[in-house]
Amino acid sequence: MLVAFSLTASVARAADPDFGGLQFNILSPDRNEKIGTTRFTVLRNNSTEEFKGETRYLDGERDSEDVRLDVKDERSSLKLDTYEHLFFNADGTLHMVDSLDAKSGVASCTSYTWGQMKVRKSQLDVPADSYAGASGLLMMVTNLRHGSREIRFHAFACAPGPEIFSVKASLPEQSEHWPFYSGDLFRLDMRPDLGALNFLIAPFLPTMDAWFSPADNWNYVGGEFDRYFRGPHVLTVLVPSH
């Protein structure tokens, strides 16, 4: 699953949204039933911030995501340090592991099929505005709060091997109503920006629709995405705190 705007890609620590304690319901692709939940926790110290996402599906499958961000000082931007996402089968065995060390550029995409492990490993050039998983959502919320309307950043994904994609999206002029969450919301449709190759390749790469609430300080309230490359399509909706 999945995730630096125009002008700069900086994410000021003082304006960080707090994802700690947030819970999301996960709905089936036909949107008719709840199939799981996701909970975020945040751990902070003087030099790092760590975002953990735990997703549990009613069929026994689960995902565990860990994103570590490097913080040099209060005026510096949050930068991706490490990312790891584990996908488990219903019996507790591993299905996939996606990982990236942004400083070294070492990335791997590991899959397990019928007891056989297949590892795709690469040495990547990781731009400073690269994000993955929850760090992407954090960056989007913060920049929307700062008034950014055009979004450009780089995202790490296994598709199926390790890749860094350029991504762009623009904030629409008008808000929309989403049947799964109340209020006037804005939808960001994030697509890989491959230049002249967009027409040929983009339809086969991971995409994500994310919804934000301007009435709630631009907080992320849900979205649609593929659980992993060519995996099941799911919809996630914020459970209101009240």
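# A tour of selected side chains

Begin with Phe87 and Tyr228, both of which are buried. The model is predicted, and the stops below are places to select in it.

**Stop 1: an aromatic pair.** With Phe87 and Tyr228 shown as sticks, look at how the two rings are set. The pair is edge-to-face, with 75° between the planes and 5.4 Å centre to centre. Now display the backbone around each residue. Phe87 belongs to strand S5 (residues 79-88), while Tyr228 sits in the loop between strand S15 (219-226) and strand S16 (233-238), so the pair ties together parts of the sequence that are 141 residues apart.

**Stop 2: a charge over a ring.** Select Phe88 and Arg62. Arg62 lies over the face of the Phe88 ring, at 3.9 Å from the ring centre.

**Stop 3: an aromatic cluster.** The count of aromatic pairs in the structure comes to 8. Select Phe24, Phe40, Phe212 and Tyr220 together; these residues form one aromatic cluster.

**Stop 4: a threonine and its surroundings.** Keep Phe24 displayed and add Thr38, since the two are in contact. Thr38 is in strand S2, which covers residues 34-44. Is Thr38 buried or exposed? Its relative accessible area is 10%, and a residue counts as buried under 20%, so Thr38 is buried. Next, add Thr55 and look between the two side chains, which are joined by a polar contact of 2.7 Å. To complete the view, select what else Thr38 touches. Leaving aside neighbours within four places in sequence, the contacts of Thr38 include Leu22, Gln23, Ile26 and Glu54, as well as Phe24 and Thr55.

**Stop 5: the disulfide.** The structure holds 1 disulfide. Which residues form the disulfide? Select Cys109 and Cys158: their sulfur atoms are 2.0 Å apart. The two cysteines come from distant parts of the chain, 49 residues apart. Colouring by strand helps here: Cys109 is in strand S7 (residues 106-113) and Cys158 in strand S10 (residues 150-158).

Turn the view to look along the S-S bond. The torsion about the bond between Cys109 and Cys158 is about -90°, so the disulfide is left-handed. Finally, switch on the surface. Cys109 has a relative accessible area of 4% and is buried. Cys158, with a relative accessible area of 6%, is buried too.

Methods:
Residues are numbered from 1 along each chain as its sequence is written. This is a predicted model: local features need pLDDT of at least 70, side-chain atom pairs count only at pLDDT 80 or more; totals for chains, interfaces and linings use all residues. Side-chain values use heavy atoms; hydrogens and water are left out. A disulfide is a pair of cysteine sulfur atoms within 2.5 Å. Helices (H or I, at least four residues) and strands (E, at least two) are DSSP runs, numbered from the N terminus. Buried means under 20% relative accessible area, exposed over 50%, partly exposed in between (1.4 Å probe, protein chains only). Rings of Phe, Tyr and Trp (its six-membered ring) pair if their centres lie within 6.5 Å; planes under 30 degrees apart count as stacked, over 60 as edge-to-face and the rest as tilted. A charge sits over a ring if NZ of Lys or CZ of Arg is within 6 Å of the ring centre and within 35 degrees of the ring normal. A polar contact is a pair of N or O atoms within 3.5 Å; within protein, one must be able to donate a hydrogen and the other to accept it, and residues adjacent in sequence count only if both atoms are side-chain atoms. Contact means heavy atoms within 4.5 Å.
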